[in-house]
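Please open the model in your viewer and keep the sequence panel visible beside it. The tour below proceeds by selection, and each stop states what is to be found there.

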Amino acid sequence: MPNEHQLVVLFDVDNTLLDNDRFGDDLMDKLESLFGAEQRARYRKLYEKIRDEHGYADYLGALQFFRAGLDDDPKLLEMSGFMLEYPFAERVFPGALEAIAHLKAFATTAVLSDGDVVFQPRKVQHAGIWDAMGGNVMIYLHKELVLDAVQRRYPADHYAMVDDKPRLLAKMKKVMGDKLTTIYVRQGHYSAEAEAEGKVIDPRPDVTINHIADLLTLDRSAFYGEQTLSKAG
């Protein structure tokens, strides 16, 4: 077993550490309350178009396009305060910060997230995740494409990735092989969509849990793939 300084546990953020689906619902409700259902639907289409083109959620980018035709509407400026002051600390899943603290007893922990360069870091900071990680935060456009850079930044004998997207975990596993233990958290709409599609995930996650707080029940061996464990079902 490598010593405790040679294991790095990487965490996704959205729907892994915090309930981003809840934020999305609150955002849609705010848009509808200010501009009506038709404009809410227009924002959703803009958001999905940008996400499909760029591969990550860009709420601020969608809002920039959404403003077209609304520049004279004073309510548009209310969205700035909503987005920048949203209480993300209230959306952190129960047990998430405790799980990070638990893992820090035997591993280096870090955020590895997809996202834009402004709103995603702010979200991580306001949620308290930045401080919980001791500033170990990485945010890329496509994290599965920068695994070499991740390993250079945090050199270790072994890595674990905690994420709510099983297909993304499979992609990362194919790149890093046995050097990476994949831990799938069954939370959020991406998880539900992947399971509803009924497609085979290959390779399957090494560990499956229902809630991020379940990490508190795992010992160090699970993060090295030496413990066959599933807390799902």
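**Stop 1: a buried salt bridge**

Select Lys 165 and Asp 12, which form a salt bridge whose closest N and O atoms are 3.5 Å apart. The term salt bridge denotes a side-chain nitrogen of Lys or Arg within 4 Å of a carboxyl oxygen of Asp or Glu. The pair links distant parts of the chain, 153 residues apart: Lys 165 is in the loop between β4 and α9 (166-176), and Asp 12 is in the loop between β1 and α1. Helices (H or I, at least four residues) and strands (E, at least two) are DSSP runs, numbered from the N terminus. Both Lys 165 and Asp 12 are buried. Here, buried means under 20% relative accessible area, exposed means over 50%, and partly exposed lies in between (1.4 Å probe, protein chains only).

This is a predicted model, in which local features need pLDDT of at least 70 and side-chain atom pairs count only at pLDDT 80 or more, whereas totals for chains, interfaces and linings use all residues. Residues are numbered from 1 along each chain as its sequence is written, and side-chain values use heavy atoms, with hydrogens and water left out.

Now extend the selection to Lys 143, Asp 163 and Asp 164; together with Asp 12 and Lys 165, these residues are linked in a network of salt bridges.

**Stop 2: two further salt bridges**

How many salt bridges does the structure hold? The total is 16. Select Arg 40 and Glu 32 for one of them, with the closest N and O atoms 3.1 Å apart. Arg 40 is partly exposed, at a relative accessible area of 25%, and Glu 32 is also partly exposed, at 35%.

Next, select Asp 73 and Lys 75, another salt bridge, in which the closest N and O atoms are 3.1 Å apart. Asp 73 is buried, with a relative accessible area of 17%, whereas Lys 75 counts as partly exposed at 27%.

**Stop 3: strand β1 and its neighbours**

Select residues 7-11, which make up strand β1; 5 of its 5 residues are buried. In a regular strand the side chains alternate between the two faces of the sheet. Display the side chains of β1: Leu 7, Val 9 and Phe 11 point one way, while Val 8 and Leu 10 point the other way.

Add strand β4 (residues 158-163), which runs parallel to β1 and is joined to it by 5 bridges. Two strands pair if DSSP finds at least two bridges between them. Leu 10 stands opposite Met 161 in β4. Then add strand β2 (residues 108-114), also parallel to β1 and joined to it by 4 bridges. Which residue of β2 is the bridge partner of Phe 11? The partner is Val 111.

**Stop 4: the aromatic cluster**

Select Phe 23, Tyr 47, Tyr 59, Phe 82, Tyr 86, Phe 88 and Phe 119, which form one aromatic cluster. The structure holds 12 aromatic pairs. Rings of Phe, Tyr and Trp (its six-membered ring) pair if their centres lie within 6.5 Å; planes under 30 degrees apart count as stacked, over 60 as edge-to-face and the rest as tilted.

Begin with the full set of pairs, of which there are 12. Among them, Phe 23 and Tyr 59 have ring centres 5.0 Å apart and planes at 85°, so this pair is edge-to-face. Phe 23 lies in helix α1 (residues 20-35) and Tyr 59 in helix α3 (residues 59-66), so the pair ties together parts that are 36 residues apart in sequence. Phe 23 is buried, at a relative accessible area of 0%, and Tyr 59 is buried at 7%.

Keep Tyr 59 and move to Phe 119: the ring centres are 6.0 Å apart and the planes are at 65°, so this pair too is edge-to-face. Phe 119 belongs to helix α6 (residues 119-126) and Tyr 59 to α3, so the pair ties together parts that are 60 residues apart in sequence. Phe 119 is buried, with a relative accessible area of 2%.

**Stop 5: Asn 20**

Select Asn 20, found in helix α1. Is this residue buried or exposed? At 6% relative accessibility, Asn 20 counts as buried. Not counting residues up to four places away in sequence, Asn 20 touches Asp 14, Asn 15, Tyr 59 and Lys 123; contact means heavy atoms within 4.5 Å.

**Stop 6: helix α9**

Finally, select α9, whose buried residues are Pro 166, Leu 168, Leu 169, Ala 170, Met 172, Lys 173 and Met 176. The helix is followed by Gly 177, whose phi is positive, near 60°.
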